[in-house]
Amino acid sequence: MSNENIQAGLDKYNATVEKATAKFPARPHIPEQGLYTPLDIQETDYAQDIGFPGVYPYTRGVQPTMYRGRFWTMRMYAGFSTAEESNKRYRYLIESGATGLSCAFDLPTQIGYDSTDAISEGEVGKVGVAIDSLADMEILFDQIDLGKVSTSMTINAPASVLLAMYIAVAEKQGVSADKLKGTIQNDILKEYAARGTYIFPPRPSMRLITNIFEYCSKNVPNWNTISISGYHIREAGSTASQEIAFTIADGIAYVEAAIKAGLSVDDFAGRLSFFWNAHNNVLEEVAKFRASRRIWAKVMKERFKAEKPKSMMLRVHTQTAGSMLTAQQPNNNIVRVALQTAAAVMGGTQSLHTNSRDEALALPTEDSVMVALRTQQIVAYESGLADVIDPLAGSYYVEAMTNRIEKEAWEYIKKIDDLGGAVAAIEKGYIQKEIQDSAYKWQMDVESGARVIVGVNKFQVEEEAPKNLLRVDASVGEKQKAKVEAMKAKRDNAAVQAALADLKKACSDENENLMPHILSAVKTYATLGEICGVMREVFGEYEAHVNL
Ligand SMILES: C[C@H](C(=O)O)C(=O)SCCNC(=O)CCNC(=O)[C@H](O)C(C)(C)COP(=O)(O)OP(=O)(O)OC[C@H]1O[C@@H](n2cnc3c(N)ncnc32)[C@H](O)[C@@H]1OP(=O)(O)O
């Protein structure tokens, strides 16, 4: 059908819509355009913009066969209390069919303090597992073959220390570093912008990250050295376009920093990975995933002149949106998570965590984690969504939205370029302000009822307080403190002091890669707090700006 004929048909259709809306006006607060036709994607060139899976610009996915060959990694984010408790949970997940591990650390670990530090009081083992030294890490991965499993660690400011501990545990298991598979989050820029667990100022933080890129490219070649995360930006209230734009801008900053430090782009870019949120609007989310792959491919090829295909592929982990879970009628969250899972799978994710129904209230129980994991397995094995690659390609709506999100994201990336890049844009508070404005708008829409959240501002019921929530044993802090003291009494304290002094010297020499020094310190059982303490002394600490 020619465009003229489609236009004529559309005009006729619009006349019928006018009549129909006289009886049933369009619901308020929904997008103005309700029907998409080939006219909406006239400018889209199949070969250039959509193409084939496994081929530049990867709009249709990074693997030629996607889930026909291998499902995404089912990687449930977990960790609480002590290394012993978390190890039990990991083994339970693996027995239940999870295909990767994902470690959650408690707040003291995330900001580089030991459980014995006064600042850690009340937080030990709460939002994740407490890791103070290599001794805890050995327990965390007890009876788990690090040569076989791939492990993600959500750790940012002290990422180098936790990675060093992982390498040291593997070595003890007889697995060499070049066999290790996994990811560290290691994305400090979004910590400043949205998540908050930073330690050092941007410049030494970027050095640590670049040191990891370099060290891993030579010694841990299968390790994904960073998970450039939009997830938290979205959780903080951004839109879908902002999520990918700000994250890709962070990605550009990391690549620039590494190139500036003398690395060659194709030596490290193939191990950069991303992390997206799967929010409630299923089709918008699918379009977001597709648009993000197209943008990153162009950035890497055109801006950074990458040549290896892998350097241009945006490979992504996804987590269903925690902020969309409701404390009210928590079983409804199972349905939300199922829809978000469908979005992530139709969007072509490489790895997925599904939230549990009770996560708006507490850390998940074993039972609710099982439902969340089963949700992935049902989508994988029963829904048919994984049998065909990029099944929504060619939908006028999804293609038009992919184009729209790409365009909006490029506008933000250009604006951030004009401000001097992501680091400068964060320092000026620009990114934080944009996120805050979107979050404010969302909240106003919920409060006015323009945006309906089932069970929250519509269809509410009287409920009893939920039972059977997971509570972390209050004595965990004391237990962990005793463990650290006992470990310190046993270790060779002179060796610890020598390793820390060596690390301090290396920190002061900009040209020194810190990873080998951190690895040596870790192997003496120097604690995370001691190692980060030395780096704090040399690098100082970052102070947040408040943006009003
Ligand atoms: C909210 C919370 C908080 O704030 O605390 C958080 O942050 S939680 C944050 C939790 N974060 C995470 O869990 C991050 C997880 N990230 C990752 O797992 C990674 O970075 C990832 C996204 C690149 C996914 O890695 P993965 O190993 O699971 O999966 P991959 O897709 O890379 O697949 C594994 C290997 O199989 C290959 N492979 C996969 N599919 C195919 C196929 N169809 N045909 C041929 N080969 C294939 C891949 O190329 C790869 O090999 P090869 O490697 O040789 O190419």
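Me: Which residues does the UniProt annotation "coiled-coil region" cover, and what makes up the chain there in this predicted model?

Reply: In the unreviewed UniProt entry, the annotation "coiled-coil region" covers residues 479-513. Over that span the predicted chain is 80% helix and 0% strand, with the end C-alpha atoms 35 Å apart.

Me: What makes strand E8 mostly covered?

Reply: A residue counts as buried under 20% relative accessible area. In strand E8, residues 316-320, five of five residues are buried. Val316, Thr318 and Thr320 point one way from the strand, His317 and Gln319 point the other way, and all are buried. Side chains in a regular strand alternate between the two faces of the sheet.

Me: How do you know that E8 pairs with E7?

Reply: Pairing requires at least two bridges between two strands. Strand E7, residues 272-278, shares five bridges with E8 in the parallel sense, so the criterion is met. Asparagine 277 stands opposite glutamine 319 in E8.

Me: How many bridges join E8 to E9?

Reply: Three bridges join E8 to strand E9, residues 351-353, and the two run parallel. Here threonine 318 stands opposite leucine 352 in E9. The chain passes from E8 through helix H14, residues 332-347, to E9 in a right-handed β-α-β crossover.

Me: Why is valine 55 called partly exposed?

Reply: Partly exposed lies between the limits of 20% and 50%. Valine 55 has 42% relative accessibility and therefore counts as partly exposed. Valine 55 lies in the loop between helix H2 (46-50) and strand E1 (73-78). Together, Tyr46, Phe52 and Val55 make a nonpolar surface patch of about 300 Å².

Methods: Residues numbered from 1 in each chain as written. Predicted model: local features only at pLDDT ≥ 70, side-chain atom pairs only at ≥ 80, totals over all residues. Heavy atoms only, no water. Buried < 20%, exposed > 50% of the residue type's maximum accessible area, 1.4 Å probe, protein only. Helix = DSSP H or I, 4+ residues; strand = E, 2+ residues; numbered from the N terminus. Right-handed = clockwise from strand over helix to strand, strands pointing away. UniProt positions renumbered as here; feature names shortened; annotations may be inferred. Patch = residues over 30% accessible without salt bridge, like charges linked within 9 Å, V, L, I, M, F, W, Y side chains within 5 Å. Areas by Shrake-Rupley, 256 points an atom, 1.4 Å probe, with all protein chains shown as cover. Salt bridge = Lys/Arg side-chain N within 4 Å of Asp/Glu carboxyl O.
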